[in-house]
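Reader: I am in my first year and would like to look closely at one part of this model rather than skim the whole. Could you take me slowly through the second helix and the charged side chains that pair there, and then show me how that part sits within the chain?

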Amino acid sequence: MPAEKMKKLIVSSVVTAVLLLFILLSIMVYQMIAIKNIRGGIDDLNQQIAQLEEEKSQTEDDIELWLSDWKIEERQRELGWVYAQDK
C-alpha cells in the first residue's frame, strides 16, 4: 500500500474514533444527568411518604382519642348536651 493511502486510512480511522468517543461521552453525560434527576424525584417522594405516614399516625391517634368515652362526654358537655340523670 502506498504511504499516502495509508496516511489517509489512519487519519480517517482516528477521526472516526474521536467522533465515536465524543458521541459515547455525550450519551454517558446525558444518562448521568437523567439518573441524578430521577434520584432527586425519588428523594422527594420518600420525604412525602414519611410526612404522610406521620399524618396517618397522628390521625389514628386523634380517632382513638375521639372514640374514648370521656372525650365524647366532654364534647357533649361543650355542646350543652346533658344526660337525663344530670338534671
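**A close look at helix H2**

Author: Before the details, please keep in mind that this is a predicted model. The chain's secondary structure comes to 2 helices and 0 strands, and the part you ask about, helix H2, covers residues 69-78.

A search of the whole structure finds 2 salt bridges. One of them joins Glu 74 to Lys 71, with the closest N and O atoms 3.4 Å apart, and both of these residues belong to helix H2, where they stand 3 residues apart, about one turn of the helix. The two partners differ in how much of them is accessible, for Glu 74 is partly exposed, with a relative accessible area of 32%, whereas Lys 71 counts as buried because its relative accessibility is 15%, and the cut-off for buried is under 20%.

The other salt bridge links Arg 75 with Glu 78, and here the closest N and O atoms are 3.0 Å apart. Because Arg 75 and Glu 78 are 3 residues apart in helix H2, about one helical turn separates them. Arg 75 counts as partly exposed at 36% relative accessibility, while Glu 78, with a relative accessible area of 51%, is exposed. As a general point, side chains of opposite charge can pair when their charged atoms come close.

Now consider helix H1, which runs over residues 3-66 and includes Val 14. Glu 60 also lies in helix H1 and is partly exposed, with a relative accessible area of 43%; together with Asp 61, Asp 62 and Glu 64, Glu 60 forms a negative surface patch. A nonpolar surface patch of about 590 Å² is made by Met 1, Met 6, Leu 9, Ile 10, Val 14 and Val 18, and of these residues Val 14 is partly exposed, at a relative accessible area of 47%.

Finally, step back to the chain as a whole. Its C-alpha trace spans about 120 × 15 × 10 Å along the principal axes, and its radius of gyration is 36 Å, where a compact globule of 87 residues would have one near 12 Å. Buried residues make up 2% of the 87 residues, and the accessible surface comes to about 8300 Å², of which 64% belongs to carbon and sulfur atoms. The chain carries 10 positive and 15 negative side chains, and the centres of these two sets lie 20 Å apart.

Note on methods
Residues are numbered from 1 along each chain as its sequence is written. This is a predicted model: local features need pLDDT of at least 70, side-chain atom pairs count only at pLDDT 80 or more; totals for chains, interfaces and linings use all residues. Side-chain values use heavy atoms; hydrogens and water are left out. Patches are made of residues with over 30% relative accessible area and no salt bridge: like charges are joined within 9 Å, nonpolar side chains (Val, Leu, Ile, Met, Phe, Trp, Tyr) within 5 Å. Accessible areas come from the Shrake-Rupley method with a 1.4 Å probe; for residues, only the protein chains shown count as cover. A salt bridge is a side-chain nitrogen of Lys or Arg within 4 Å of a carboxyl oxygen of Asp or Glu. Helices (H or I, at least four residues) and strands (E, at least two) are DSSP runs, numbered from the N terminus. Buried means under 20% relative accessible area, exposed over 50%, partly exposed in between (1.4 Å probe, protein chains only). Lys and Arg count as positive and Asp and Glu as negative; His and the chain ends are not counted. The place of a charge is taken as NZ of Lys, CZ of Arg, CG of Asp or CD of Glu. The radius of gyration is taken over C-alpha atoms; the globule rule is 2.2 Å times the number of residues to the power 0.38.
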